[in-house]
Amino acid sequence: MTTTIIWTIAIISGLGLLLALTLYLVALRFKVEEDPRIELVEKAMPGANCGGCGFAGCHAFADSAVKAPNLDNHYCPVGGNETMKKVAEILGYEMTEKDPMVAVVRCNGTCSARPRTSEYDGTLSCKVKASLYAGDTGCAYGCLGCGDCVAACKFGAISMDPETGLPVVDEEKCTACGACSKACPKAIIELRKKGPRGMREYVSCVNKDKGPGVKKACASACIGCGICAKTCTHDAIVLENNVAYIDFGKCKLCRECEAMCPTGAIHGVNFPKPIDKDAIKARVQERQKKAREAAAAAAEAAKAVEVAVKPAVDEVKKEESNG
Amino acid sequence: MARRTFSIGGVHPADSKISRGCKLEYLPIPPTVYIALSQHIGAPAKPVVAVGDKVKVGQVLAEPGGFMSAYIHSSVSGTVKSIGPRKDLSGNNQMVVEIAVEGDDWMEDIDRTDTLVTDIPEDPKSIIEKIKLGGVVGLGGATFPTHVKLSPPPGKVCEMLIINGCECEPYLTSDFRTLLEKGEQVVIGTALIKKALGVAKATIAIEDNKLEAIEHIQKVVNDLKSKGPEYSGIEVLSLMKKYPEGGEKQLIDAVMHRQVKSGGLPIDVGAVVDNVCTALAVYEAVQKNKPLIDNSVTVTGECFPKQANLIVRVGTPLNYVIDYLGGVPEEAAKVISGGPMMGKSIANLEAATMKGTGGLLFLTREQTKRMPESNCIRCGKCAEACPMGLEPFLLNRLAKAGDTDALEANAVQDCIMCGCCLYSCPAGIPLLDIISQARGQVMGIMRARAAAAKAAAEAAKASAGSPTAK
Amino acid sequence: MDKILVSPNPHIHSATTTKVLMRDVVIALLPAVIVSVVFYGWKELLVLAVSVLSCLAIEYLITRYCMKKASTIGDWSAAVTGVLLALNLPPTTPWWVVFIGALVAIGVAKMTFGGLGQNIFNPALVGRVFLLISFPTYMTHWEIPQGLFGVDAISGATPLGAIKEGLMQGASVPDLMASHGYTYSQMLFANIGGSAGEACAIAILVGFIYLVARKVIKPWITLSILGTVAAVSCVFWLANPAQFTDPLFNLLTGGLLLGSCFMATDYVTSPMSTKGGIIFGIGIGFITLMIRYFGSYPEGVSFAILIMNSTVPLLNNWFHQKKYGRA
């Protein structure tokens with residue numbers, strides 16, 4: 001009896017020791033030599049492995065950042081400037097601060113504004129739906145509403161609003177990794193500058209069709225009328241392919257375009273006060289009137305100058321031809 | 001006798017060929033036609049007419065926009081109203097030529113009589129040239145430019161021409177009616193393609209649910225044998241009814257017992273496959289100078305009151321076709337361009353027909369509504385049904401995990417989108433929806449890799465060549 | 001026509017759904033159920049009722065209140081498990097033991113993995129094996145069929161059990177067969193002791209033929225199990241007929257037919273490919289015989305199937321069907 005117990009203990013302990021030794025030797029033999037800074041950098045990262053930086057994950061980012069000569073091509077949108085400061089410190093590199101960004105949904109074709117024209121009966125996936133047809137509304141550019149962006153978000157920052165049928169971005173949670181933007185087959189979601197205290201101005205539509213058809217398909221679409229571009233005094237709005245786009249680098253958040261937009265396709269968010277459209281409209285119209293008058297006056301003046309100068313010019317010309 | 005068919009997978013949906021008794025009938029010409037510039041696989045055609053031009057039936061509207069492209073002809077006579085984007089049947093914009101119809105004035109060189117022309121031209125090149133000028137494309141569904149198919153790359157030899165009369169899709173009967181009513185023309189077209197390819201053997205393959213067609217074509221082939229040596233070597237083959245028999249790869253397997261390698265072309269195993277309607281179009285283009293301006297369209301469905309097999313001018317608005325037969329029935333929930341297995345759901349009934357439009361099918365909600373998805377019970381019915389021998393349940397799982405390497409290893413790129421997996425899945429899992437996405441993704445990766453390899457090879461060649469250049 | 005319906009192809013679906021398939025399995029089990037009720041009477045009816053009802057109730061409660069989704073009992077799979085479990089128990093099993101079996105089968109073996117299609121092991125067999133180990137007294141208390149609503153049931157061992165016991169005491173197989181009076185016709189036409197579903201080989205085979213004819217299952221797994229059992233036992237029997245039972249005896253006794261026709265062919269827990277299925281069957285046949293010949297349990301089909309269930313993911317990974325155009 002006792003010997004059995006002793007033998008059992010001996011065999012089990014011996015086995016344990018042998019296996020431990022094997023493990024140790026294997027670990028020694030197959031040890032991967034790695035720059036210790038990679039681990040430090042990785043620890044400083046948010047660890048979401050979202051791929052927003054363009055690398056496969058936080059480790060791949062750290063590995064590449066350590067090997068790179070500078071941090072120009074490495075930026076973690078999730079951790080933002082703070083994380084990048086830490087990374088730069090570890091590696092002894094310079095870092096350039098970047099403006100914080102946020103995902104913006106550029107479609108405001110709500111269920112009420114954009115009537116359904118057909119019923120989709122396939123897999124609930126925007127990709128599948130987009131490859132099948134233009135969508136279940138008259139707008140071939142708008143949100144398909146199947147929530148591929150919601151599924152792509154690793155931070156739970158996007159949800160579908162059942163009321164509007166459109167995705168809503170939670171600015172607190174959004175890390176601007178860009179996964180939703182890549183997932184959207186209609187390229188509706190754009191990463192835009194978050195703006196001072198979150199204030200920003202954007203065209204919430206990407207419809208490239210011409211005016212009348214667009215209006216029929218969606219009441220709140222950008223019809224490409226160009227009023228906003230004419231209103232903007234900062235040269236921030238371009239009109240291309242029948243749709244306006246606000247350059248967030250140039251926009252000064254004056255909200256004039258928003259007030260002037262006939263369909264309400266331009267959205268301003270996080271402003272402390274609600275927009276007073278009438279006041280702004282009056283201001284803009286006044287300015288435009290003045291500008292028109294000034295232009296007319298200038299034209300008049302130019303004409304007058306021309307009339308005054310013309311004989312002299314003609315004289316010169318005549319002389320030239322003679323000469 | 002064992003009935004011949006393809007060796008892997010396949011399903012047996014109900015035949016439902018309720019319009020099989022309806023004779024081919026010419027649809028009146030609509031007041032306006034919208035002729036798309038991209039009605040074939042490959043580059044869109046380039047328009048050669050301008051707004052305001054008067055055109056005749058059969059006049060060239062657009063020229064091929066590249067090697068893989070086709071001529072587009074006017075299907076009506078009238079005035080070009082506009083050339084611009086218009087919504088196609090899926091609601092996406094497509095370039096079309098809009099023509100307001102005035103009378104029915106044909107080009108003079110088109111032979112509009114019913115006389116059969118049985119003499120086969122001597123020169124294969126002239127046949128292919130005429131096919132190209134006639135804008136003939138494959139009418140089996142893929143709309144592959146026929147003249148390209150009939151010019152095999154050097155080194156590839158065709159051993160057998162297969163004329164596809166399977167029409168394995170349920171409901172569709174236009175190929176069947178064409179075989180019955182225009183059998184002579186189809187057989188002459190077959191002889192023309194045979195001559196163009198320089199191949200000795202041709203097989204007209206017909207599924208055995210169309211016995212009348214098999215008998216009729218057999219008789220026509222026997223009768224035409226006396227007309228010339230070109231008509232010998234044409235055989236009629238009866239195949240067991242099974243979907244997707246009319247798939248190019250499955251048909252080659254059924255007829256020749258050969259399988260096309262993954263990523264390969266039929267010509268690699270010595271086969272060229274053309275649809276019966278393509279053979280008819282070839283006959284008309286070569287013997288009658290008539291370009292491809294109309295095609296036969298089955299309009300059917302249990303809920304549709306008036307079944308028909310119509311000959312429709314290319315570019316006729318779908319609305320016009322439907323209204324001619326009494327309008328969309330109240331019970332219809334879905335309208336499909338093509339058959340119920342591979343056809344495309346129509347979102348926009350204002351869209352116009354194209355060369356490849358073969359059917360308009362109306363299904364009720366009960367017939368077509370997808371059932372709610374439930375758990376996979378691992379019954380393997382999808383794998384059993386897949387005619388390519390793939391495992392859809394596995395591909396579905398891999399696609400959801402986004403594992404493109406494993407998807408490629410499990411041959412997702414071989415999928416022919418026949419729909420057998422989704423048709424047979426008892427749990428109603430949308431296998432094909434997911435797999436076709438994954439297929440597109442993997443094919444994109446493969447193309448990118450091939451392009452990179454080619455660029456690398458060229459770079460290596462250039463660097464290898466540079467020392468001698470010095 | 002209200003709004004046009006749009007979906008990717010295909011636009012039609014075969015009439016075969018999960019519900020239809022599972023209902024077919026229940027229909028295929030009916031001959032065995034009827035025979036067992038006829039031979040074992042109301043006791044068997046009680047076992048069946050308790051088993052099916054508790055399986056349905058447990059699945060309903062778990063889906064509704066634990067998983068918080070729509071109930072899945074409408075797909076008939078819980079009913080299949082219930083019937084199979086009942087057919088795998090002796091007719092004398094008390095109702096609460098049957099309930100515990102159902103709880104383990106549905107609650108543990110099926111729903112903890114995520115419900116139908118997700119489980120690794122056959123639920124009914126897990127339930128049965130759990131009871132076999134937990135309540136050996138009830139589970140080995142067999143009853144010899146005494147005709148429809150027979151008067152007093154005679155308790156006794158199953159043929160396999162009796163022979164195992166006899167062999168342990170040093171007797172030889174032919175003597176034991178003779179002394180117990182086992183005949184093959186008895187085994188074919190429902191007259192031997194055993195769990196309810198083992199009683200009548202013909203009833204099981206009728207159900208199997210129905211399933212194959214309806215294309216619910218393919219026969220390969222079943223045939224490979226039966227073939228392996230026949231071949232391997234033939235070798236042993238020829239080598240030593242005194243020690244080892246003959247092939248026919250092995251085919252007809254125990255739960256082999258029920259197991260190979262209904263349990264091993266369960267979609268979820270069997271390989272997808274034909275090749276994989278044949279290897280799966282060979283494994284089951286071999287393990288069954290090894291347990292019967294050399295193990296301490298008289299019967300091994302349940303264990304054999306459960307053991308081979310665990311190899312299914314591997315078999316699915318190793319064996320794929322032949323692809324078009326890929327040699």
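Mentor: First, a term: two strands pair if DSSP finds at least two bridges between them. Strands are DSSP runs of E with at least two residues, and helices are runs of H or I with at least four, numbered from the N terminus. What you see is a predicted model, where local features need pLDDT of at least 70, side-chain atom pairs count only at pLDDT 80 or more, and totals for chains, interfaces and linings use all residues. Residues are numbered from 1 along each chain as its sequence is written, while chains are lettered from A and ligands numbered from 1 in the order in which they are written.

Trainee: OK, what makes β4(B) and strand β7 of chain B a pair?

Mentor: DSSP has 2 bridges between β4(B) and β7(B), residues 78–87, in the antiparallel sense. That count meets the minimum, so they pair. In one of those places, K54(B) has T79(B) of β7(B) as its bridge partner.

Trainee: How do you know that β2 and β4 of chain B stand at the edges?

Mentor: The open sheet has 4 strands in the order β2-β8-β7-β4 of chain B, with antiparallel pairing. β2 (32–36) and β4 (54–55) each have a single partner strand, so one side of each is left without a neighbour in the sheet.

Trainee: What makes strand β2 of chain A and strand β1 of chain C joined, and which way do they run?

Mentor: There are 3 bridges between β2(A), residues 118–120, and β1(C), residues 4–6, and the two run parallel. That clears the minimum for a pair too. Y120(A), for instance, stands opposite V6(C).

Trainee: Why is Y171(B) called buried?

Mentor: Count the other C-beta atoms within 10 Å of a residue's own, placed from the backbone: 20 or more is buried, 12 or fewer is exposed, and in between is partly exposed. Y171(B) has 30, so it's buried. Y171(B) sits in the loop between β9 (160–165) and α3 (174–181) of chain B.

Trainee: What is Y171(B) in contact with, leaving aside its neighbours within four places in sequence?

Mentor: Contact means C-beta atoms, placed from the backbone, within 7 Å. The partners of Y171(B) include S16(B), T298(B), G339(B) and L361(B). T298(B) is 127 residues away in sequence, yet its C-alpha is 8.2 Å from that of Y171(B).

Trainee: What makes helix α15 of chain C mostly covered?

Mentor: By the same burial count, 7 of the 9 residues in α15(C), residues 301–309, are buried. Among them are V301(C), I305(C) and M308(C). The buried residues pack against α5, α13, α14 and α16 of chain C. For chain C as a whole, 52% of its 327 residues are buried.

Trainee: How many residues of chain B are in contact with chain C?

Mentor: 50 residues of chain B touch 31 of chain C. β15(B) gives the largest share of chain B's side, 5 residues. That side has 28 nonpolar, 12 polar and 10 charged residues, where Ala, Val, Leu, Ile, Met, Phe, Trp, Tyr, Cys and Pro count as nonpolar, Asp, Glu, Lys and Arg as charged, and the others, Gly among them, as polar.

Trainee: How do you know how confident the predictor is about chain C?

Mentor: pLDDT is its confidence in each residue, from 0 to 100. Chain C averages 87, and 89% of the residues score at least 70. Over residues 149–153 of chain C, though, pLDDT stays under 50. The model scores ipTM 0.89 and pTM 0.87.

Terms used. Contact = placed C-beta atoms within 7 Å.
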